[in-house]
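Got the model loaded and a selection box ready? Here's a walk through it, one stop at a time.

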Amino acid sequence: MRFVDRLLKGFRSFILGKDILSTEESRASPRILCLYWVNLRNAGREFKASITDIGITGMRIEGVPALSRGERFEISYPFSEGFKEEHSFEVEVMWCRARAHDDVMVAGVQFVKQGDNLRGTWVYILLTEVGLLGEAVYQRREHVRLATSYRVVLREPKTGHKVMEGTVNNLSVGGALVESAAPMEVGRQLLALMGPNPSHPLLTISARVLNSRLDPEDGCHLISLQFVDFSKEELKALEGLILAMLEGRALG
């Protein structure tokens with residue numbers, strides 16, 4: 001079984017339990033597991049929810065109200081105190097149900113805008129950030145992205161000079177989302193050293209800054225890293241780290 005198959009099987013069983021995927025959830029395009037907080041507006045009411053996976057045609061959202069198939073509602077991002085009309089994006093419900101262990105409502109939705117019509121929206125930015133669109137064509141595979149709290153040190157590739165420290169909010173074999181106290185220049189090449197202990201990192205890998213933005217809720221900066229120019233040994237180490245996180249049921 002390929003690494004990605006083992007990864008998906010393990011993570012799906014962890015997140016979803018024994019009910020892996022029903023026919024209503026079958027997808028023609030890959031999905032990236034993630035965590036983005038958003039605001040919803042439905043029938044004049046507002047809700048705080050989270051995107052827990054995203055693909056080029058739709059996403060999975062947790063914390064929604066009870067919704068019916070075919071119903072449409074709006075999502076705004078980045079996360080704020082309330083729904084922001086200027087950041088709204090419309091989606092259509094494909095399915096909605098309560099999680100068995102805590103009754104939180106979860107919905108699978110498809111984008112009302114598709115393809116080139118996504119350009120200029122925050123959804124397009126997120127899809128680029130996780131590697132499903134844009135230049136990172138090698139990421140057009142079924143990579144999952146894991147929530148973690150690993151520390152990361154970013155250094156200059158040639159001199160080894162320390163640029164900043166941060167926390168890895170989520171991690172995949174394509175890249176990582178880093179929380180830091182300061183912004184970072186888009187396109188900058190860096191060396192990322194990450195693991196539970198920054199003094200003894202489990203992984204050292206080259207990365208490029210895809211996106212850098214301010215999180216208005218926490219006041220921190222979120223930096224999207226794309227892993228680049230890595231060797232087979234580095235890829236193997238990263239895959240092993242992610243698989244170990246899954247098998248140990250420890251996400252950081």
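Start with the rings: select Tyr36, Tyr77, Phe89, Phe111 and Trp122, which ring pairs join into a cluster. Keep in mind that you're looking at a predicted model. Across the structure there are five aromatic pairs. Zoom in on Tyr36 and Tyr77, an edge-to-face pair with centres 5.9 Å apart and 85 degrees between the planes. This pair ties together distant parts of the chain, 41 residues apart: Tyr36 is in strand β1 (residues 32-42), while Tyr77 is in the loop between β4 and β5 (88-98). Turn on a surface and check the burial: Tyr36 is buried at a relative accessible area of 3%, and Tyr77 counts as buried at 8%.

Now move to Phe89 and Phe111. With ring centres 5.5 Å apart and planes at 80 degrees, this pair is edge-to-face. Here too distant parts of the chain are linked, 22 residues apart, with Phe89 in strand β5 and Phe111 in strand β6 (residues 105-111). Phe89 counts as buried at 4% relative accessibility, and Phe111 is buried at 2%.

Trp122 is your way into the next stop, helix α2 (residues 122-129). How many of the eight residues of α2 are buried? Six of them are, so the helix is mostly covered. Color Trp122, Val123, Tyr124, Leu126, Leu127 and Glu129 to see the buried set.

Next, widen the selection to the largest nonpolar core, which has 32 residues. Which residues have the most contacts inside this core? They are Ile51, Ile54, Met59, Phe73, Ile75, Phe111 and Trp122, so two members of the ring cluster, Phe111 and Trp122, turn up again here. If you color by element of secondary structure, you'll find that β1, β2 (45-54), β3 (58-62), β4, β5, β6 and α2 each supply at least two residues of this core.

Pick Phe73 and show its surroundings. Beyond its close sequence neighbors (up to four places away), Phe73 touches Leu40, Arg41, Asn42, Ile61, Leu67, Phe89, Glu90, Val91, Val93 and Val109. Then pan away to another core, which lies apart from the largest one and has 20 residues, among them Val178, Met184, Val209 and Phe227.

Come back to strand β4 (residues 72-76) and select Ser76. Is Ser76 buried or exposed? Its relative accessible area is 0%, so Ser76 is buried. Draw a distance from the Ser76 side chain to the backbone nitrogen of Lys84 and you should read 3.3 Å. Leaving out residues up to four places away in sequence, Ser76 touches Val38, Asn39, Gly82, Phe83, Lys84, His87, Ser88 and Trp122.

Two quick stops to finish. Select Trp95 and Arg97: the charged end of Arg97 sits over the Trp95 ring, 4.2 Å from the ring centre. Then select Cys96 and Cys220. Cys96 counts as partly exposed at 21% relative accessibility, whereas Cys220 counts as buried at 7%. If you go looking for disulfides, the count is zero.

Technical notes:
Residues numbered from 1 in each chain as written. Predicted model: local features only at pLDDT ≥ 70, side-chain atom pairs only at ≥ 80, totals over all residues. Heavy atoms only, no water. Helix = DSSP H or I, 4+ residues; strand = E, 2+ residues; numbered from the N terminus. Buried < 20%, exposed > 50% of the residue type's maximum accessible area, 1.4 Å probe, protein only. Polar contact = N/O pair within 3.5 Å; in protein donor to acceptor, adjacent residues only side chain to side chain. Contact = heavy atoms within 4.5 Å. Phe/Tyr/Trp six-rings, centres within 6.5 Å; stacked < 30°, edge-to-face > 60°. Lys NZ or Arg CZ within 6 Å of the ring centre and 35° of its normal. Disulfide = S-S within 2.5 Å. Core = buried A, V, L, I, M, F, W, Y, C linked by side-chain atoms within 4.5 Å.
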